[in-house]
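Let us walk through this structure, beginning with one pair of residues that face each other across two strands and working outward from there.

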Amino acid sequence: MSHGPRSGLAAVSSALLAMSRHLEVRDVLKTIVASARELLDAQYAALGVPDDHGGFAQFVVDGVSDEQWKAIGPLPRQHGILAAMLHEATPERLADVREDPRFGGWPSAHPDLVDFLGLPIRDGDEIIGALFLANKLCPDAEGGSPVPRPEGTCGFTPDDEELLGILAQHAAIALTNARLYERSRELTIAEERSRLAHELHDAVSQKLFSLRLTAQAATALVDRDPARAKGELQQVAALAAEAADELRAAVVELRPAALEEDGLVATLRTQIQVLDRAHTARVTFAGHGVKALPAAQEEAMLRVAQEALHNALRHSEAARVDVTLQRKGTGAVLRVTDDGSGFDPRTVRRAGRHLGLVSMRDRANGTGGRLTVQSAPGKGTTIEMEVPGG
C-alpha cells in the first residue's frame, strides 16, 4: 500500500484487533469508523446500519463534533449514494460526490464532502451496513501530519479502496459477533429472570402455606383457648406481612436487568438481597470502593457471580454464602465464598462435570481478567474473579 506510515502492517493489525476487542454493537461501530478514518487519512468517516423502513437503525460518525452532529438534525435516509451501496452492493469511489447525478444535497449544518469512498459491509449475501469516508487528507509537503485537501487535489486511490475492503470484511465479522453476543446476553437475562421468578415463587408459596396452617390452628383454638388463638392470629398477621414483602420483591426484582442504569454494585446487592430472602442459607454482600468498569467487564462479573451463587445455593448445601466486590488498582476483584460441601476441582474436570467453571473462566478470559477456584471436599468453595478495569 502507498499510504505512508499509517497503512503499514502494524497499523492495519491494530485496527483489526481494535474491532474484535469490543462486544457491544455500538462500541464496535465506533471502533470501525475511527479505525477506517485514521488508517486511510480521511477527514470524515461514517457507518450506517440500515433498518427495514428506508432509514438507519444506527448511524455512527467520526470527525464531526457532538455540536455539529446535533445541528445537522435527524439521521439520514437511505437515498442517493448510500442507497446504491446498500441496494446494489457496489463500492463507490468518487472524485467529487457533489457532481454525482445521485447526489441530493445535505442539511445546511452538514460539512462539505468532496472526494468519497464507500463500501457495503456484507455478511454472506446480507448487507448489514455501509461504511464510507470523505475528504482524503493530503500529506504535508514538509512531512508533517496530513491536512485537509484543497479543491481538486488528493482523492482516494484504488489502494485505499482495497484497504477499506479488507476493513469492511473484518467489520462484518466483528459486527456479527457483537450482535450474537448481545443476543446471548438477552437470553441469559431472560433465563436469570425466570430462575429468580421461580425462587421468589417458592419463597412466597412457603409463606402462604405456613399462613394457612396457622390460620387453621387459630380457628380450632378460638373457642376452647382464646389466648392461644390470639397468639396464632398474631402469627398470621406476621406471616401475611412477610408474604406481602416477598410479593413486592417479585414486582421490583423481576424488572429488566438494571446493570446499565444502576451499576454493578447496586445490581449485585439487590439480587443478593432477593436470594437471601428466597433461601435458607445466609447470603451477604459487601462492596468496597469499586468504580465503574467497562460494560463488558461488569457484565462478565455479574454473570460469574450469578453462576457461583447458583452452584453454592443449589449444590453445596451451604449455610452461608458471602460475596465481596472490592477495588484493585483500576480494576476490581469479585469473591464468592461458601461454607458448603466443597469439591475436588481435579475430580470435577475428570468426571466431565464443570459446575459452570468453563463458562466462568471463558467470561473472565474474554474481558482480560482471570478466574481462580479454591475448593476441597468438606472445606467449602471460593470463586475469585479479577478484571483489569479500563
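In strand 5, Leu 131 is the bridge partner of Leu 47. The model is predicted, so that local features need pLDDT of at least 70 and side-chain atom pairs count only at pLDDT 80 or more, while totals for chains, interfaces and linings use all residues. Residues are numbered from 1 along each chain as its sequence is written, and side-chain values use heavy atoms, with hydrogens and water left out.

Strand 1 (residues 42-50) pairs with strand 5 in the antiparallel sense over 6 bridges, where pairing requires that DSSP finds at least two bridges between two strands, and where strands (E, at least two residues) and helices (H or I, at least four) are DSSP runs numbered from the N terminus. Strand 4 (residues 116-123) is also antiparallel to strand 5, over 8 bridges, with Asp 123 standing opposite Glu 126. Their hairpin has 2 residues between the strands, and Gly 124 takes a positive phi near 70 degrees there. Of the 11 residues of strand 5 (126-136), 10 are buried, that is, under 20% relative accessible area with a 1.4 Å probe and protein chains only, as against over 50% for exposed and in between for partly exposed.

Helix 7 (residues 259-278) departs from a straight course: its end C-alpha atoms span only 21 Å, whereas a straight helix of 20 residues would span 28 Å at 1.5 Å a residue, the expected span being 1.5 Å times one less than the number of residues. Helix 7 bends by about 75 degrees at Val 265, the bend being the angle between axes fitted to the seven residues ending there and the seven starting there. Among the buried residues of helix 7 are Gly 263, Leu 264 and Thr 267.
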